[in-house]
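The exercises below ask you to work through a structure step by step, with a solution after each task. Please have the sequence and the 3D view open as you read.

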Amino acid sequence: MNVLNPLTLPLDCRVLIEASAGTGKTFTIAALYLRLVLGHGRERPLLPQEILVVTFTEAATSELKGRIRARLSQAARYFAGDNAPVDPFLQGLAAEFDAALWPACSERLQLAAQAMDEACILTIHGWCNRMLTEHAFASGAAFGRELLTDESALWQEVSQDY
């Protein structure tokens, strides 16, 4: 079994995280998100609207947004000096920053938590639809198209026509 360490995973490449339920995918994604927002292991920090997270279901996108927002807020409090118990990842991440930078890190994390409504956490079909809409001319997509997530009515109509 190959275990990911979210504190040392390179962030200068695309990362695909796939595993069975209950294996810590959401924890790992939230940890990587913290690192990106803080600029840990990168030349510059990122804003939530600059980070793309793609998943399979609408329920998963809602859960991810909520969990990432909560994690950002928790980390902001920790960097602000809240001594509440935290996990080893957050302690290790904080140790990577000079204590003099902690107030700035806390502010950055809190602002990111507040900006989560603008975050790009989408389903695969949601991301594809967004790209087709934003790049309609380049993709040749029709402006009036409709995203169809449930094809049952269409199949019913086609079978009745047949």
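Helices (H or I, at least four residues) and strands (E, at least two) are here DSSP runs, numbered from the N terminus. The structure is a predicted model, in which local features need pLDDT of at least 70 and side-chain atom pairs count only at pLDDT 80 or more, while totals for chains, interfaces and linings use all residues. Residues are numbered from 1 along each chain as its sequence is written, and side-chain values use heavy atoms, with hydrogens and water left out.

**Exercise 1. Describe the order of helices and strands in the chain, and state how spread out the chain is.**

Step 1. The chain contains seven helices and two strands, and read along the sequence these follow the pattern α-β-α-α-α-β-α-α-α.

Step 2. The radius of gyration of the chain is 19 Å, well over the 15 Å that the globule rule gives for 162 residues, so the chain is more spread out than a compact globule. The radius is taken over C-alpha atoms, and the globule rule is 2.2 Å times the number of residues to the power 0.38.

Step 3. Taken along the principal axes, the box filled by the C-alpha atoms is roughly 70 × 35 × 25 Å.

Step 4. Of the 162 residues, 35% are buried, where buried means under 20% relative accessible area, exposed over 50%, and partly exposed in between (1.4 Å probe, protein chains only).

Step 5. Among contacts with a separation of 6 or more, 66% are between residues 24 or more positions apart; contact means heavy atoms within 4.5 Å.

**Exercise 2. Work out how strand E2 is paired, and which way its side chains point.**

Step 1. Strand E1 (residues 52-55) runs parallel to E2, and four bridges join the two; strands count as paired if DSSP finds at least two bridges between them. Within this pairing, Val53 stands opposite Ile121 of E2.

Step 2. In a regular strand the side chains alternate between the two faces of the sheet. In E2 (residues 120-123), Cys120 and Leu122 point one way, whereas Ile121 and Thr123 point the other way, and all are buried.

**Exercise 3. Describe the surroundings of Thr123, which is in strand E2.**

Step 1. The relative accessible area of Thr123 is 2%, and Thr123 is therefore buried.

Step 2. Leaving aside neighbours within four places in sequence, Thr123 is in contact with Val54, Thr55, Phe56, Thr57, Glu58 and Thr61.

Step 3. The side chains of Thr123 and His125 are joined by a polar contact of 3.4 Å. A polar contact is a pair of N or O atoms within 3.5 Å; within protein, one must be able to donate a hydrogen and the other to accept it, and residues adjacent in sequence count only if both atoms are side-chain atoms. In addition, a polar atom of the Thr123 side chain lies 2.9 Å from the backbone nitrogen of Gly126.

**Exercise 4. Why does Cys128 form no disulfide?**

Step 1. A disulfide is a covalent bond between the sulfur atoms of two cysteines. The criterion applied here is a pair of cysteine sulfur atoms within 2.5 Å, and the structure holds zero disulfides.

Step 2. The closest cysteine sulfur to that of Cys128 belongs to Cys120 and is 14 Å away, which is too far for a bond.

Step 3. As for accessibility, Cys128 counts as partly exposed because its relative accessibility is 35%, while Cys105, at 7%, counts as buried.

**Exercise 5. Identify what caps and what covers helix H3.**

Step 1. In H3 (residues 88-95), the residues Phe89, Leu90, Gly92, Leu93 and Ala94 are buried, and their cover includes helix H1 (25-38), helix H2 (58-79) and helix H4 (102-114).

Step 2. The N-terminal end of H3 is capped by Asp87, a side-chain oxygen of which lies 3.0 Å from the backbone nitrogen of Phe89.

Step 3. Asp87 lies in the loop between H2 and H3 and, with a relative accessible area of 19%, is buried. The side chain of Asp87 also makes a polar contact of 2.7 Å with the side chain of Arg71. Leaving aside neighbours within four places in sequence, Asp87 is in contact with Phe27 and Arg71.

Step 4. Gly92 of H3 likewise has a relative accessible area of 19% and is buried; its C-alpha atom is 14 Å from that of Thr28, although 64 residues separate Gly92 and Thr28 along the chain.
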